[in-house]
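Trainee: I am new to this structure and would like to go through its pockets. Where should we begin?

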Amino acid sequence: MASQKTNTRTTVLMLMIIVSIAMRIVTLEFQWLSNFTPIGAVALFGGTYFNDKWKAYAVVLASIFLSNIPINYFYFHKIMLFSVGDLWMYGCFAMIIFAGTLIKKLTVYNVVLVAILPVLIHWLVMDLPWITGYPNTLAGYGASLVAAIPFEKNMLFGDLLFGAILFGGFELAKSKYTVLQGKRQLAL
């Protein structure tokens, strides 16, 4: 019975992550929605809810990898498994997953507070000058950070919205289906 409970919980978590990651592809057609995706919320969610933490890294990073294939095709008009900066991006999201594993008491306040973390990590790492093409100087890094503000703002709004949907939806499902219950319980 415990194995069935674990398998059902893992399957539900994986499906929630895969469906959420698919939203990255939907926003491609709308430039003003650039970075308004659930990717940061998904990384936190996976790190928080998977009992086996290796599954959080495997499922989230594999989902990002698979969603990058059509995204790279959209931008570069060819199938690319990796693009410039992908290793930095995977490193960012591995750090965000790790941050999710550190959430010990799941409160609405903690989830909102932690939703800011993916944006900060993504902003400070992915806008390094050698990734963005800005001059490799402090001024170039500053210019890159300023130019990224609209994208990071969209990421923050996406993380807050999708974080509320993922965390709230899973907690609601856990309250109705005991097979989904695990170690953490959302405290209001």
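Mentor: Begin with the second largest pocket of this predicted model. Its lining divides into 12 nonpolar, 2 polar and 1 charged residues.

Trainee: What volume does the second largest pocket have?
Mentor: This pocket is lined by 15 residues, and the closest to its centre are Val111, Val112, Gly163, Ala164 and Phe167. The volume of the second largest pocket is about 180 Å³.

Trainee: Which helix gives the largest share of the lining of the second largest pocket?
Mentor: Three helices, α2 (39-49), α5 and α8, each supply at least two of its lining residues. The largest share is 6 residues, and the helix they come from is α8.

Trainee: What volume does the largest pocket have?
Mentor: For the largest pocket, the volume comes from the space filled by probe spheres set on its grid points. That gives about 1100 Å³.

Trainee: Which residues are the closest to the centre of the largest pocket?
Mentor: The lining of the largest pocket holds 32 residues. By class, 16 of them are nonpolar, 12 polar and 4 charged. The closest to the centre are Ser34, Asn35, Tyr75, His122 and Met126.

Trainee: Which helix supplies the largest share of the lining of the largest pocket?
Mentor: The helices that each supply at least two residues are α3 (53-76), α4 (86-101), α5 (108-126), α6 (129-132), α7 (138-147) and α8 (149-176). The largest share is 5 residues, and the helix that supplies them is α3.

Technical notes
Residues numbered from 1 in each chain as written. Predicted model: local features only at pLDDT ≥ 70, side-chain atom pairs only at ≥ 80, totals over all residues. Heavy atoms only, no water. 1 Å grid on protein atoms, 1.4 Å probe; cavity = no way out; pocket = protein on both sides within 12 Å on 5 of 7 lines; lining within 4 Å. Helix = DSSP H or I, 4+ residues; strand = E, 2+ residues; numbered from the N terminus. Nonpolar A, V, L, I, M, F, W, Y, C, P; charged D, E, K, R; others polar.
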